[in-house]
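Colleague: Could you take a close look at one side chain for me? I'd like to know what it pairs with and what sits around it.

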Amino acid sequence: MIRVVQKAMVVFMALICIGLVLSYINHSIQLKNESRLLKPLGEMVEIDGARMSIYVEGEGEKTLVFLSGSGTSSPILDFRSLYSQLSEEYQIVVIERFGYGFSDITNRNRDVDTVLEDSRTALEKAGIQGPFVLIPHSMSGIEALHWAQKYPTEVAAIIGLDMYTPESYEDLKMSIPLMRLLQFGANVGITRLGSLSESAAIQNGLLTEEEKSIYRAVFYSRTMTNDMLNETIDIKAGAEKVGNTELPKVPILLFSSDGSGGTGFEKEEWFELQESFADKIGAKLIYLQCGHYVHDYEFIRIAKEIKLFLDQ
């Protein structure tokens, strides 16, 4: 009986290995075919020998700088539904950090100071001058707060899209081994199974069919990259650093999701974190009945509220 079980295990493991090899071969072929879709949508600037993607659209007295959340494969397309409602009145900028979108994948340090300096350098090289209205989603809330702390004259306001705050990371448990396993799965093409590529932007936003195809192509080449993983490893230390520094005295508007899908918290916990931070910093808080990628669901209402906030 033991030998039968052992043989069955060997066969099972062999089938898994064969499946992974076939998946990797298919993934490699598909990546080559999809390369025609991966033409940068914005400008490429060089930072320390690597290329970073920065997208600029529209004109206006105020410059809105969008900063994506952790693991958002294509920030330019992810934010498109929202900034398309704003680009007639404001200058729109989307920064794609290393390992995201059309930017190069590196294996560099991704602590909050390095990420911030990369963003500032990208803006400088693209000829974009502040002060800026920072619009961070999720994890990049930490970068936005640190930006306002470190360079207060560069930040006119912060508009948080279901953004994480320093307190959000105090008890948040993140499994790095699990993330490395997910990275391996992405590298061998497991992400092509099912509908993993169908992001909230694709399902709910205003993307054209061509833009959806580009988003999917970017997703398959920019999921759990080294840079994304390194950011995650460093973020708790960054959040602690920001939390131990005096919070910035800039106007802040916060949009909160209903706590479902993607926050890593129970709904009640997420509400408490958002309310506590808003009270502490004197920010206006607007609740939305939608998932974590609020800008892909309620982009019309968010755009309206942003205009009212900036007009005031």
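What relative accessible area does Glu-117 have?

Modeller: Glu-117 comes out at 23% relative accessible area, so it is classed as partly exposed (buried is under 20%, exposed over 50%, partly exposed in between, with a 1.4 Å probe and protein chains only). Before you lean on that: this is a predicted model, where local features need pLDDT of at least 70, side-chain atom pairs count only at pLDDT 80 or more, and totals for chains, interfaces and linings use all residues. Residues are numbered from 1 along each chain as its sequence is written, and side-chain values use heavy atoms, with hydrogens and water left out.

Now, the residue itself. Glu-117 sits in helix 4 (helices are DSSP runs of H or I with at least four residues, strands are runs of E with at least two, and both are numbered from the N terminus). Its side chain meets that of Arg-120 in a salt bridge, 2.9 Å from N to O (a salt bridge is a side-chain nitrogen of Lys or Arg within 4 Å of a carboxyl oxygen of Asp or Glu). In general, side chains of opposite charge can pair when their charged atoms come close. Here the two residues are about one helical turn apart, because they lie three residues from each other in helix 4 (residues 112-125). Arg-120 is partly exposed too, at 22%. The pairing doesn't stop there: salt bridges that share partners link Asp-113, Glu-117, Arg-120, Lys-150, Glu-154 and Lys-241 into one network.

What else is around Glu-117? Setting aside residues up to four places away in sequence, Glu-117 touches Lys-150 and Tyr-151 (contact means heavy atoms within 4.5 Å). With Tyr-151 there is also a side-chain polar contact of 2.7 Å (a pair of N or O atoms within 3.5 Å; within protein, one must be able to donate a hydrogen and the other to accept it, and residues adjacent in sequence count only if both atoms are side-chain atoms). For a sense of distance, Val-242 is 125 residues from Glu-117 in sequence, and their C-alpha atoms are 15 Å apart in space.

It helps to set this beside other pairs, since the salt bridge count comes to 16. Take Arg-110 and Asp-118: their closest N and O atoms are 2.9 Å apart. Arg-110 counts as buried at 3% relative accessibility, and Asp-118 is buried as well, at 8%.

Another one is Arg-192 with Glu-34, whose side chains form a salt bridge at 2.8 Å, N to O. That pair ties together distant parts of the chain, 158 residues apart: Arg-192 is in the loop between helix 6 (176-187) and helix 7 (200-204), while Glu-34 is in helix 1 (residues 2-34). Arg-192 is buried at 17%, and Glu-34 is buried at 12%.

For a residue of another kind, look at Thr-225, in the loop between helix 8 (209-221) and helix 9 (226-243). Thr-225 is buried, at 5% relative accessibility. Leaving out neighbours within four places in sequence, Thr-225 is in contact with Gly-99, Ile-105 and Gln-183.

Finally, back to helix 1, where Tyr-24 is found. Tyr-24 is partly exposed, at 45%.
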